[in-house]
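Open your viewer, and let's take a short walk together. At each stop you will get something to select and a note on what is there.

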Amino acid sequence: MKQNIYDNDIFFKGYTSLRESGISYNDFVEQPALKSAISSLKGKKILDLGCGSGQFAKYCIDNGAASVLGIDISMNMIEKANKENKHEKINYLCIAIEDLELHNQKFDLIISSLAVHYIADYSALIKKVTSLLNKDGEFIYSTEHPIVTARHEMNNWVKDKEGNRLYWALDNYQVEGEREQHWYIDGVIKYHRTISTLINTLIKNGLVLEEIIEPQSTPAGLEKMPKLINEERRPSFIVIKAKK
Ligand SMILES: C[S@@+](CC[C@H](N)C(=O)[O-])C[C@H]1O[C@@H](n2cnc3c(N)ncnc32)[C@H](O)[C@@H]1O
């Protein structure tokens with residue numbers, strides 16, 4: 001099932017104000033790790049899957065990329081991208097990753113920031129990514145860490161009576177599939193997959209694993225969001241880099 005949750009007005013408002021605050025897990029944990037995995041952007045032809053409001057596409061062009069095609073299922077996001085991060089070397093397309101068909105184009109780098117956990121069929125996604133990569137092309141993506149998506153309840157800190165976090169609960173790890181969550185609104189659907197599925201699907205498609213990052217907060221993040229110290233106790237995200 002494809003869900004276009006970012007076109008829900010309440011969700012979009014909540015998510016946008018979080019990202020515009022500049023004080024988020026994206027700013028201090030996920031984006032620094034994703035960027036650190038990129039060897040070079042110079043002259044690269046890039047595809048950004050789930051490009052959101054185009055910040056990353058713009059970052060790529062500002063750092064020497066030749067072109068970026070950013071695609072997203074959400075019209076809200078694509079309109080915002082065209083308003084805020086427009087550039088002659090960037091094209092934004094409102095289409096689901098699952099429906100993308102590009103017969104005569106290949107890319108040097110395919111990037112995806114926190115969109116893969118919304119995709120039901122990971123195997124089809126990796127097959128598509130592989131077919132769209134040039135030889136030696138790289139695929140770098142971040143996704144919610146399997147230890148975060150595993151539990152059906154997705155409310156994983158076990159706390160004492162005073163509300164102190166005692167430990168992180170892990171359950172149903174091997175039970176892959178849909179998870180429903182409250183995030184601004186009820187009914188946000190994400191997909192849980194084990195680490196072995198994430199990695200072995202890349203290998204089965206002939207990609208070579210280059211790096212895995214389970215990021216912690218940057219020092220600036222720890223100052224501005226002290227709760228990010230909890231990334232030491234369990235990682236929220238995983239960044240995976242593979243080469244064709
Ligand atoms: C957490 S946001 C990240 C946005 C952007 N990558 C960033 O880092 O700012 C996830 C994005 O994935 C998009 N998305 C979710 N499911 C999608 C799908 N099936 N096809 C294309 N985009 C999708 C959402 O609309 C949203 O813009």
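Begin with two strands side by side: S1 and S2 are paired in parallel, with 5 bridges between them. Select Lys-45 and look across to S2, where Ser-67 stands opposite. Keep in mind throughout that you are looking at a predicted model.

Stay with S1 and colour residues 45-49. Is this strand enclosed or open? Of its 5 residues, 4 are buried, so S1 is largely enclosed by the rest of the structure.

**Zoom out**

Now show the whole protein chain as a cartoon. How many helices and strands are there? You can find 8 helices and 11 strands in the protein chain. Its radius of gyration is 18 Å, close to the 18 Å that the globule rule gives for 244 residues, so the chain is as compact as a globular protein of that length. Along the principal axes, the C-alpha atoms fill a box of roughly 60 × 40 × 35 Å. Buried residues make up 35% of the 244 in the chain. Among contacts with a separation of 6 or more, 65% are between residues 24 or more positions apart.

**Into the core**

Next, select Ile-46, Ile-110 and Phe-139. These residues have the most contacts inside the largest nonpolar core, which has 46 residues. Strand S11, residues 237-243, gives this core its largest share, 5 residues.

Keep Phe-139 highlighted and look around it. Which residues does Phe-139 touch, leaving aside those up to four places away in sequence? They are Ile-110, Val-129, Leu-133, Leu-207 and Ala-242.

**A helix and its neighbours**

Move on to helix H4, residues 75-84, and pick out Asn-76, Met-77, Ile-78, Lys-80 and Ala-81, which are buried. What do the buried residues of H4 pack against? Show helix H1 (9-21), strand S2 (67-72) and strand S3 (90-94), and you have the answer. You met S2 at the start, as the parallel partner of S1.

**Around the ligand**

Now select the ligand and show the residues around it. There are 19 of them, and the closest are Gly-50, Gly-52, Ser-74, Ser-113 and Tyr-118. Try colouring this shell by class: 11 residues are nonpolar, 5 are polar and 3 are charged.

**A hairpin**

For the next stop, show strands S8 (residues 177-183) and S9, which run antiparallel and are joined by 6 bridges. Together S8 and S9 form a hairpin with 1 residue between them. Click on Tyr-184 in the turn: its phi is positive, about 70°. On either side of the pairing, Trp-183 has Ile-185 in S9 as its bridge partner.

Go one residue further in S9 and select Asp-186. Is Asp-186 buried or exposed? It counts as exposed, because it has 8 C-beta neighbours inside 10 Å. Now add Phe-11: the two residues are 175 apart in sequence, yet their C-alpha atoms are 9.6 Å apart in space.

**Last stop**

Finish in helix H2, residues 25-36, where you will find Ser-36. With 12 other C-beta atoms within 10 Å, Ser-36 is exposed. Draw a distance line from its C-alpha atom to that of Val-239: the separation is 9.9 Å, although the two are 203 residues apart along the chain.

Notes. Residues are numbered from 1 along each chain as its sequence is written. This is a predicted model: local features need pLDDT of at least 70, side-chain atom pairs count only at pLDDT 80 or more; totals for chains, interfaces and linings use all residues. A residue is near a molecule or strand if its C-beta atom, placed from the backbone, lies within 6 Å of it. Ala, Val, Leu, Ile, Met, Phe, Trp, Tyr, Cys and Pro count as nonpolar, Asp, Glu, Lys and Arg as charged, and the others, Gly among them, as polar. A nonpolar core is a set of buried Ala, Val, Leu, Ile, Met, Phe, Trp, Tyr and Cys residues joined through C-beta atoms within 7 Å. A residue is buried if 20 or more other C-beta atoms lie within 10 Å of its own, exposed if 12 or fewer, and partly exposed in between; C-beta atoms are placed from the backbone. Two residues are in contact if their C-beta atoms, placed from the backbone, lie within 7 Å. Two strands pair if DSSP finds at least two bridges between them. The radius of gyration is taken over C-alpha atoms; the globule rule is 2.2 Å times the number of residues to the power 0.38.
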